[in-house]
Structure formats: C-alpha cells, structure tokens
Amino acid sequence: MTVLSENTENTKAQASAGQPRQPRQPRPVRRPKKPLGTRAYKVFRVAALIAVVLFLVAPLFWMLLASLKTNVDIYDTAKSFIFSPTFENYANVLQRNNYFVFIFNSFWVAFVSTALSLVLGVPAAYAMSRFTMHRSALVVLMARVIPGVSLLVPWYYVFSNLKMVGGFEVLILSHMFVALPLIVYIMMSYFDSLPLELEESAQVDGLTPIGAFQRITLPLSVAGMATAGILSFIFSWNNFMFALVLSGSKTKTLPVAIFDFVSYASIDWGGLMAAATVVTIPIMIIALFTQKYIVSGMTAGATKG
Amino acid sequence: MTPPRSAARNAGRAPGAREKFSDWANRHRKWLFAAPAMAFVGVLIIFPLAWTLYLSLTDSQGSVRAATEFIGLENYLTVLSDVERFWPAVGRTLTFTGIALVCEVALGMGIALLLWRPFRGEKWVRVAILLPLVATPVAVGMMWRLIFDPNIGFANQLLAAVGIPAQPWLSGQDTALGTTIFMDVWQWTPMVVLILLAGLTSLSEEPDEAARMDGANAFQRFFFITLPLMMPTVIVAILLRGIDALKTFDILYATKGKGGGSFHEVETLNVYAYGLSFDYNQYGLSSAVLILFFMIIIGSMWLLTMRKKAVSK
C-alpha cells in the first residue's frame, strides 16, 4: 500500500512539495508507467464507443423513421432517409385501432400490480434481509426461474372457471407474479446495505420494532423502493406472454395489441412501426428520467459476489 | 402502506387487547412481514406446479376441463422419443442461450471496459445503453422484422452497400435462429454491461496498479488481474441473463409466430410448450415438456451456483 502510493502521483506531489532528497526520481519512474499507446487507445476508444452507440440506437431510429413514412416510401429504398414525414400512421393507429384504450390498460395494469407488489414485497424483503431468511427468499425468487407457461395452463383453467379471464384482476395478479420477486430481490439487497444501527437506536429511544421499520427504515428506503417500483413497472409494461393468454378484448395491453396488429395487417409496416413506437416511447421517457434508479436496480446484488 | 401499520399506530396509545396485539405483532414481525408475499407467490406457484405435474401424467387435451385419464409416464415417453419437435427444441434452446450468453458476456465485458474510466459524453452513452434495455420486446421484434425484411429491410440495404448479396435473415430456415440471437444480443447486452460495470467500479485499484508497476501490459493486466477478480460478477451476470435467455419467448413469438415459424426454425422449448398449450391444446404433453424444461433450468442454475461458490472461494 505504502509502496504503491509513493510510486504513483504522490511521488510528484511530494517532490514538488519540497523534498530535496530525490529531486530527479519522478521522471524515470513515471515514463514507463504511462501506458504505451495512450493516444492510439484514445482514438480506438472513441471509435468503439461511437460504434456501440450506433449499434444500440440506430435500429430504434429506423423504427421511428419508418413510422413517419407512408407505406409507399417504406418500399422505396431511395427514400431511406430523405422523405416527407407524415403522422398519418399515428393517426390511424391511435384513432382507428383504439390504442388509447390499450395505453390506458397497460398503464393501469402496470401501476396497480407495481403498487400492490410493493405493499407485499417491501416488508417481506425487509424481514428476509434482517432475519436472513434465505430459504424463504428462495421460494419467492423461484418465481423468477419457473417458465411462465407452466403456470399459465392451471391459472387459465382456474380463472376462467371463476369467470375472471378478460378482467383486470387476473392480469394484475399475473403481473404481480413477475413484479413481486423482482421487488423482493432488489429490496433485499437494498436493506442488506442499510445500517442496522439506525433502527436499533430508534428502538432504544422507545419505538417498537415495527414502529422503527415504519418511521426510520421505510423513509430511508424511498430510493430503493423507487428503483424496485420503476423496474417492476417497466417489466409489467413490457410483459407479453401473460397478457396474451389472460387479457380479454377490453383489457388488452399494448404488447398484445401490437402483436394482433400483425395478424390482420401484416403489410402495413408504417402502422406497425407507429404502434411499436407508441408502446416504446412512454417507457423510454420514464427510463430517461429515472436512469440512476434503473441502473441500480439492474445491478442490485450483482457485485456482492 | 403495510399491513401492520395499524398495529404500530396503536402501540403508543391503546391499552388492553390492542396493545397485546401490537406486542404479538412485534414479536412475530418476521413472519407477519414475510408471510403475505410468500403466500401469494406460493399459491400462484405451488398449486400450478403440482397441477402441471398431475396433468403431465394424464392424456388431457382439447379442453382442460374435459375428462382426463391417468396414463402414467406415457407423455414423458412420447416427448423423450420425439425427435421431430422436442429434441430439436432442446437443441435450439441450448444453442440460443449458449451463443447469446457468450456474445453478450464478451461484448458486455468489452463495452464495460470502454466505459470503466470516465470520459466526455459518458451521459449519452449511458442513455444509449438504457434504451434497448427498456424497449418492449414485442415492439423490438416488430422493429427487427422490418429491418431484416429480405426485400425492403435496411439490413440488406447495408449489405448491398458493401457488395454482399441479400440474405433471407428471419425468413431463412438456417438463418432465422441466428437472427433472433442477434436481436437478443442487441436487447440484453446492455444489462450485462451494467452488471459488469458495477463489478468493475467496485474492484479495488491496487492489484491493477501493482501489476502496472511490474510492467504488465493492458492485456496481461486484464487477463491475469481484472478478469479473475471479476469472475464472481461474470457468473452473476451469466446466471441472471441465462435464466431469462432460456425462457425467451416474446421476440421469438413476435417475429416468427406459432410453432417458431413454418419449419419450427426458432422453436425453443418455451415456444414449443406455449404452442402445445395454447395453440394446440395438448395439455398433457405440454405439461410433460414443461416439467422437463423446468428440470433443465434448475439443473443449469444449480451448476452455475456451484461454479460461483467455487470461484468466490
């Protein structure tokens, strides 16, 4: 440690700070230490980063462009980038195909299932983290591992007998099933990193354990809950398989609506791209404003080893 | 917000029975907190799994409500001897997951290393990384369908620009699976990047600095210092991504439809099982497929967790 720090930048700092003992030392030490080919690497890095960004963004940009073209222009390769944009596709999709209803459905299902999952999941994650209930946690996390299809057949049977298929309740329940394990997973690693002392001192000051959880831990974990909630909302919004089976014509969510679009209008590329853009735009806007939460959620528990 | 709120609120004031309840609640808060979530998940998992297990032993088809007969392990025998659909589907599932994981981890590591040290415009790169990650998979599938369209797609326009003949991409029997792997790589490499980047930034600088002092070059430092230290994180990334890759459904179903295309060219186990259940109503058979599929997933997860434990030690 000490050897290291003396040999890095500190050497120069010490030397310039007026230590006459080793006035010429810094130079010969620093030369080889400077990574070779720095400039070449810098150029490479910029080029590579541009390539990465292009690779990730270009397809989405292409989708956006196509959604602004007429179908005639889409088939004309000469008009790949230069064309006169039109909002006709959006007007068609939104008005004629009831997309406002689907947008509302997606939003409502994602919102309610996220809220309910937070209510159930946050205390559970807290207990599992504080009492290290790893086996119980495994039960909840199993839900992430099981292929959804294996649950869908029995669900479909039970819920159709209860005449619930096609209603919001069953969609919300099935989406909670995706959201809850996610929330427990994220919140567990969040509570793991929250110091226990704060609660303990609150209890010394006379709060009950539950009171301490409610007044100290919960307010401190707002950031964690935001992370878990946003990710759960995104996953619910994007979920396709459960809604494909369990939604009815009135509760259809956006991904299912887009999928249906293909079956009766497989050549209407402009409309299809407009529909695809309509489903991605809201979630991307949310993502842009909540970047840091998404990143911390995606990487929750990943680095503890 | 939470069920025990009323108990906690009463703790301060109400005497007698109510106070006793709050004492009870506090003593049992461990299960009071954990039980609702566990019950929810348990009921929605354990009961269906048991049912799937039961269905896999019956000849249920047509309608789940129809009278079914217990036929023992016949479905399993049928499935395991099915070289037309089942085994190719297993092969595709493993190919899809394997190739996608290798590409995603290799690319992800490369990108994470590029992003490791601060640079100008970092913010924009981060935005770009987030976009595929949150994009709706079905919409992404549709987007790639247009780009990979053999006649009007941008992919073939690009190839034409560099003089390569047009490819059938998704519509080709041999190219379809590869194309869907490409889509998966596009969408999910960012997640691997985020996980690996978090791992990189939590690494201590000292081993790297020490190696640098000893004159190790960048490649040596990466392969002998950074990569071994990153192994636990890499395995977490493989684990998280692998589970989802095995279960990939949205993009495959959205781009190729029922049965994974007319030649089943992208039919993975998940698509196969979904098709058996909801397109062909073969509940008994599909349940057997699902049980086997589930065993494959658990098995591979178990292997990876073992590996991770070995690495962490």
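## Exercises on a two-chain predicted model

Put chain B and chain A together and about 9300 Å² gets buried between them, 80% of it on carbon and sulfur atoms (buried area being the accessible area, with a 1.4 Å probe, that two parts lose on being put together, summed over both). This is a predicted model, where local features need pLDDT of at least 70 and side-chain atom pairs count only at pLDDT 80 or more, while totals for chains, interfaces and linings use all residues. Residues are numbered from 1 along each chain as its sequence is written, chains are lettered from A and ligands numbered from 1 in the order in which they are written, and side-chain values use heavy atoms, with hydrogens and water left out.

**Exercise 1. Work out which residues of chain B supply the most buried area against chain A, and how many residues the contact takes.**

Solution. Start with the area: Phe33(B), Leu114(B) and Val134(B) supply 8% of what chain B buries against chain A, more than any other three residues. Then count: 99 residues come from chain B and 97 from chain A, where contact means heavy atoms within 4.5 Å.

**Exercise 2. Find the salt bridge between chain B and chain A.**

Solution. First, the rule: a side-chain nitrogen of Lys or Arg has to sit within 4 Å of a carboxyl oxygen of Asp or Glu. Over all chains, that gives 12 salt bridges. The pair that crosses between chains runs from Arg144(A) in helix α8 (residues 134-145) of chain A to Asp244(B) in helix α11 (residues 218-246) of chain B. Its closest N and O atoms are 3.3 Å apart. Between chain B and chain A, the count is one.

**Exercise 3. Describe how α4(A) packs on α7(B) across the interface.**

Solution. Helices here are DSSP runs (H or I, at least four residues; strands are E, at least two), numbered from the N terminus. Axes are lines fitted to C-alpha atoms, for helices over the stretch in contact, and angles run from 0 to 180 degrees between N-to-C directions. Helix α4 (residues 38-67) of chain A meets helix α7 (residues 137-147) of chain B at about 80 degrees, with the axes 10 Å apart. So α4(A) and α7(B) are roughly perpendicular (under 35 degrees is roughly parallel, over 145 roughly antiparallel, 65 to 115 roughly perpendicular, the rest oblique). Among the residues on the α4(A) side are Trp62(A) and Met63(A), and α7(B) brings residues including Met143(B) and Trp144(B). By class, you get 10 nonpolar, no polar and no charged residues (Ala, Val, Leu, Ile, Met, Phe, Trp, Tyr, Cys and Pro count as nonpolar, Asp, Glu, Lys and Arg as charged, the others, Gly among them, as polar).

**Exercise 4. Now do α3(B) and α14(B), handedness included.**

Solution. The axes of α3 (residues 29-55) and α14 (residues 283-312) of chain B come within 7 Å and cross at roughly 120 degrees. That makes α3(B) oblique to α14(B). The crossing is left-handed, as the near helix is turned anticlockwise from the far one by less than a right angle (clockwise would be right-handed). Leu49(B), Thr52(B), Leu53(B) and Leu55(B) of α3(B) touch a set in α14(B) that includes Tyr283(B) and Phe294(B). This contact has seven nonpolar, three polar and no charged residues.

**Exercise 5. Place Trp169(B) and Asn281(B), two non-glycine residues with positive phi.**

Solution. Trp169(B) has a phi of about 50 degrees and lies in the loop between α8 (154-161) and α9 (176-201) of chain B. For Asn281(B), phi is about 55 degrees, and the loop is that between α13 (269-279) and α14 of chain B.
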